[in-house]
Amino acid sequence: MSQPQPPRPHAPEAAGAAPNLDFEGTTPYEDYVRASVLSRLQEPLSDDPGEMAFLVTTQVMELWFTVLVHEWRTAGHALRRDDLEAALAALKRSAYELESLNASWKPIAHLTPGQFNAYRGALGEASGFQSATYRRLEFLLGEKSAAMLVPYRGAPRDGAELEKALHEPSLYDEVLRYLARLGHEIPRSVLDRDVSERYAADPGVERVWQRIYEGPRHGDACRLGESLTEVAELVWRWRNDHLVATRRAMGSKVGTGGSAGVAWLEKRAAKTVFPELWTARSHV
Ligand code: HEM
């Protein structure tokens, strides 16, 4: 780390002064952003000029996945402390971040099969399906699965983090526990559920959301419901944009990760995040 620089003068005569050019070591920007590390991580595997956009889009999305995991863990911890405002602030940030994540499909959303084929072979068996951070993100949304730990048997650090995340309450588990503490009648079976299992929609939880949305008395819980609905919608959009980009780029071929490709992704995209927040609306 370079030595911190003395504060720059704010006197009127300094107005319009050029930025500081003189640093003893690496620039403070580099020390903070680690740009030289980041910009050395782009190593396309083919000679095709289009692969760079595919690789960087994937890396950018990985970074957003990391941020989203951070936000949703922050929101979960805040709810555990009954700090609704901190939870809502994290969820709000995550909604903006999801919008940025979704906007980053643009450079690769319109690949023709020929354009994708130009580097697809070089990817070998690599697939986004193997993204450990995406899996953590899905776990936080309640989409738990012990089988999803299998790809990381040879990667102890990723495997251990995911194993821990599997046994931790999801964001939605924290939400339901919080609502129970506020006095809402979340069924005991939901509160005591094995959190390492995939969350399954529950009629009692649906009734709670229905009452929250019906009554003016539940303003805070309603704000929380709307924040989560926003997140759920934007996650659903990511899955669907992924599905459409895949359909355009490779039709119904099998995926590099070995799945049935589009047919498999269609099933994933059909899943609803925070299911009762959607079904309760039919009864309000
Ligand atoms: C046009 C480009 C893309 C195509 C054709 C494509 C194709 C596929 C396919 C076929 C699968 C199913 C698993 C398999 O057999 O491989 C998959 C899964 C996945 N892909 Fe992509 N993908 C593309 C871009 C991306 C990008 C940029 C990301 C960002 C990291 C990504 C992340 C994922 C994730 C996270 C999964 C697992 C989804 C789940 O578990 O529900 N994909 N992709």
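Which helix does Ala245 lie in? Ala245 sits in helix α11, which covers residues 219–250. One thing to keep in mind throughout: this is a predicted model. Here are my notes, point by point.

1. **Overall make-up.** The protein chain is built from helices, 13 of them, with zero strands. Reading from the N terminus, the order of elements is therefore α-α-α-α-α-α-α-α-α-α-α-α-α. The C-alpha trace spans about 60 × 60 × 35 Å along its principal axes. Of the 284 residues in the protein chain, 23% are buried. As for how the chain comes back on itself, take the contacts with a separation of 6 or more: 68% of them join residues 24 or more positions apart.

2. **Domains.** The domain assignment splits the protein chain into domain 1 (1–40) and domain 2 (50–283). How far apart do the C-alpha centres of domain 1 and domain 2 lie? The distance between those centres is 38 Å.

3. **The ligand shell.** The ligand has 25 residues around it, and the closest are Ser127, Gly128, Gly255, Gly257 and Ser259. Three elements each give two or more residues to this shell: α3 (51–80), α11 and α12 (262–269). The largest share comes from α11, with five residues. By class, the shell holds 10 nonpolar, 13 polar and two charged residues.

4. **Back to Ala245.** Is Ala245 buried, exposed or partly exposed? Ala245 has 19 other C-beta atoms within 10 Å, so it counts as partly exposed; a residue needs 20 or more to be called buried. Setting aside neighbours within four places in sequence, Ala245 is in contact with Trp105, Ile108 and Ala109. Leu111 is worth a look too: Ala245 and Leu111 are 134 residues apart in sequence, yet their C-alpha atoms are 7.4 Å apart in space.

5. **Helix α4.** This helix runs over residues 84–103, 20 residues in total, and reaches 29 Å from its first C-alpha to its last, close to the 28 Å expected at 1.5 Å a residue. Its buried residues are Ala87, Ala90, Leu91, Ser94, Leu98 and Leu101. Seen down the axis of α4, these fall within an arc of 100°, so they line one face of the helix. An α-helix has 3.6 residues a turn, so residues three or four places apart point the same way. On the other side of α4 you'll find Glu85, Tyr96 and Ala103, which are exposed. What covers the buried residues of α4 includes α3 and α11.

6. **Helix α10.** The 12 residues of α10 (residues 203–214) should span 16 Å at 1.5 Å a residue, and the end C-alpha atoms are indeed 16 Å apart. Which residues of α10 are buried? They are Val205, Val208, Trp209 and Ile212. These buried residues cover an arc of only 95° around the axis, which puts them on the same side of α10. Their packing partners are α8 (171–181), α9 (188–191), α11 and α13 (275–279).

7. **Asp202, in the loop leading to α10.** Asp202 is found in the loop between α9 and α10. Asp202 counts as partly exposed because it has 17 C-beta neighbours inside 10 Å. Leaving out neighbours within four places in sequence, its contacts are Pro187, Val190 and Glu276. Asp202 and Ile186 are 16 residues apart in sequence and 9.4 Å apart in space, C-alpha to C-alpha.

8. **Two backbone angles to check.** Most residues other than glycine have a negative phi. Arg34, which is not a glycine, has a positive phi of about 55°. Phe274 is likewise a residue other than glycine with a positive phi, near 50°. Arg34 is in the loop between α1 (28–33) and α2 (35–38), whereas Phe274 is in the loop between α12 and α13. Is each of them buried or exposed? Arg34 is exposed, with 11 other C-beta atoms within 10 Å. Phe274 is buried, with 24 other C-beta atoms within 10 Å.

Terms used: Residues numbered from 1 in each chain as written. Predicted model: local features only at pLDDT ≥ 70, side-chain atom pairs only at ≥ 80, totals over all residues. Helix = DSSP H or I, 4+ residues; strand = E, 2+ residues; numbered from the N terminus. Buried ≥ 20, exposed ≤ 12 C-beta atoms within 10 Å, placed from the backbone. Contact = placed C-beta atoms within 7 Å. Expected span 1.5 Å × (residues − 1). Arc of directions from axis to C-beta. Domains from an automatic or database assignment. Near = placed C-beta within 6 Å. Nonpolar A, V, L, I, M, F, W, Y, C, P; charged D, E, K, R; others polar.
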